[in-house]
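Q: Could you take me on a close look at the surroundings of the ligand in this model? I would like to know what holds it and what lies around it.

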Amino acid sequence: MSDHTVSEFERIKANSRFLRGTLQEGLADPVTGAISDDDNKLLKFHGSYQQDDRDQREERRKQKLEPAYQFMVRARLAGGVLSPAQWLAFDHIARTWANHTLRITTRQTFQLHGVLKRDLKRSIAEMNKALVSTIAACGDVNRNVVASANPVATPAHRLAYRWAERLSEHLKPKTRAYHEIWLDETLVAGGEEESEPLYGPTYLPRKFKIGVAVPPTNDVDVFAQDLGFIAIIEHGELLGFNVSVGGGMGTTHGDPSTYPRLGSVIGFVVPEQLLRTAEGVIEVQRDHGDRQERKHARLKYTIDRMGLPVFKAELERRIGFELQASRAYHFDHNGDRYGWTEGDDGRWHLTLQIESGRLADLPDQPHLSGLRAIAEEHQGDFRLTCNQNLIIANVPTAQRARIDTLVGEYKLDGYRRLSGIRRHAVACVALPTCGLAMAESERYLPQLLPKLEALLGRHGLRDEPILLRLSGCPNGCSRPYLGEIALIGRALGRYDLRLGADFAGQRLNRTVRENVDEAEILRELDSLFARYATERNGHERFGDFLLRSGVLPAARHAIEAEIFA
Ligand code: SRM
Ligand code: SF4
């Protein structure tokens, strides 16, 4: 490709022979623990990122050693569902080739960290043996499709999850490169004769994310998705889905041309129209998305550039039918409900809280081993949630007591004693693995929470549910722009403090203080908690209180989810 108007990344994709590049050669090179920059970009489409241990960077630089290169591997698990056998496979890979932890992500899947180059292929192959792929877990394609994490409450919930699975499968890249590189499938045609009917040879301008929500639970944060489907269920029957487009979180500090945006609801489709609608949205983004400046390439910018009515008209022209007017729906929260719940079929589901989604064996919290022990006996399945928690799902009544015993034995029963803010805390990975982190997040949460709990306790608010989101940089992997309280990393120990989102993922928060340290954050929150304790109306949520009481000024532009249908 000699087109100088497109970004370097576009050139790499175009020349990659459908995601092959020189990945095979790079992986086989024993001289370095790294691969080339170009291949690193292609590797993302295969579900892995090259990283280095940032805790060791300085020391290794002084010793004139190359950085401690290692790889993150992300699985593709539509709706976050996996069987006990698959759990055991992940456990084995984590202990054998990764850093002995499993990380539940904010998109309902597992990440492994610390895999060395020489072990990358067998880690991915082992996952595939357990029938879990990593294809398109990252990269400029449709990623893991998320779905409400308790899809078994009613038959309609089950159906909504099945549609998420179908979307995930239907929108998967078609290249055989994945099978050749990781699974030793013989090279079919050298790549040149392959095609990607939906994506084309340069795939999408940027990552693309889909979520399926089942009201009243918005646990997938449907308005943060490029494409959201909101299940409309009447009298237990799934009628179809409202369609939301253009959600996204990522921003860059100091660059107002980047911004978080909530999805706009543009209409309603019946289930049979779902796949074609998703394809249509992807096609419009494929052909109209910005391929020069990756910062402006997400669907949210395409829509704002085209204008929502033009975008919708273009979508309808391509899919060949008009969207119906959107239907009424109501979300009441975007968190998880802990403890046991019973499904319509008499099976039970136990939601456990997993701090920041990190499953490890710590001396007083052998969580990884506990879940291995549970997986060895469990007869149902597991469900990962978008709030980084875990559901031990589909437990027959007779097995409940045994699961409870194991949960207690391995100290997984912390969910019984959580403060209101701890129940709703989400933190992104950040240091030491994330190359983009500006501040700590996952490692900071355990220090921050007790301090916030002490403040809240002083004002009689210990059990008050408050959404807390921490991100180590403005990319927003914990969806911090939807936190009632959010900290967004600026530099080590310094954060922007944002406040005032609602409790159901339908309103963005705003920046209240920029680049402040912990002492200032706690001071600011202490005085707001004091006012909240005495001035709130009944059960008014913290974020709502801040707006109603005028602590936060009324919004200058629309920051609430909008309906355009
Ligand atoms: Fe993310 C990049 C981790 C969910 C927005 N994200 C990254 C990378 C890969 C850093 C990098 O590019 O080098 C992080 C790897 C850290 C590590 O060491 O593991 C990373 N993102 C994560 C995870 C693991 C956070 C977590 O704590 O769970 C989540 C994995 C999701 C998954 O399983 O697929 C994760 N990232 C999100 C979300 C939330 C969501 O999708 O619901 C967002 C905000 C929604 C959105 O996309 O707008 C998000 N991540 C980003 C961005 C900003 C994108 C943008 O449009 O500006 C980046 C940076 C980028 O793409 O250039 C990024
Ligand atoms: Fe890394 Fe930033 Fe995402 Fe946190 S928000 S995982 S620091 S890219």
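A: Let's start with a term: a residue counts as near a molecule if one of its heavy atoms lies within 4 Å of it. This is a predicted model, in which local features need pLDDT of at least 70, side-chain atom pairs count only at pLDDT 80 or more, and totals for chains, interfaces and linings use all residues. Residues are numbered from 1 along each chain as its sequence is written, chains are lettered from A and ligands numbered from 1 in the order in which they are written, and side-chain values use heavy atoms, with hydrogens and water left out.

Ligand 1 is surrounded by 28 residues, and the closest are Thr105, Met249, Thr433, Cys477 and Arg479. Cys477 also meets the metal: its SG is the single protein donor to the iron atom, 2.3 Å away. Donors here are N, O and S atoms within 2.8 Å of the metal (3.2 Å for Na, K and Ca); water is not among the atoms, so sites may look incomplete. Along the chain, Cys477 sits in the loop between strand 19 (468-471) and strand 20 (485-491); strands are DSSP runs of E, at least two residues long, numbered from the N terminus.

Now for the oxygen atoms of the ligand. The side chain of His113 brings an N or O atom to 2.7 Å from a ligand 1 oxygen, and the side chain of Lys207 does so at 2.8 Å. From Val429, a backbone N or O atom lies 3.2 Å from an oxygen of ligand 1. As for elements, strand 1 (48-52) and strand 5 (110-115) are those that give two or more residues to the shell around ligand 1.

Key. Helix = DSSP H or I, 4+ residues; strand = E, 2+ residues; numbered from the N terminus. Polar contact = N/O pair within 3.5 Å; in protein donor to acceptor, adjacent residues only side chain to side chain.
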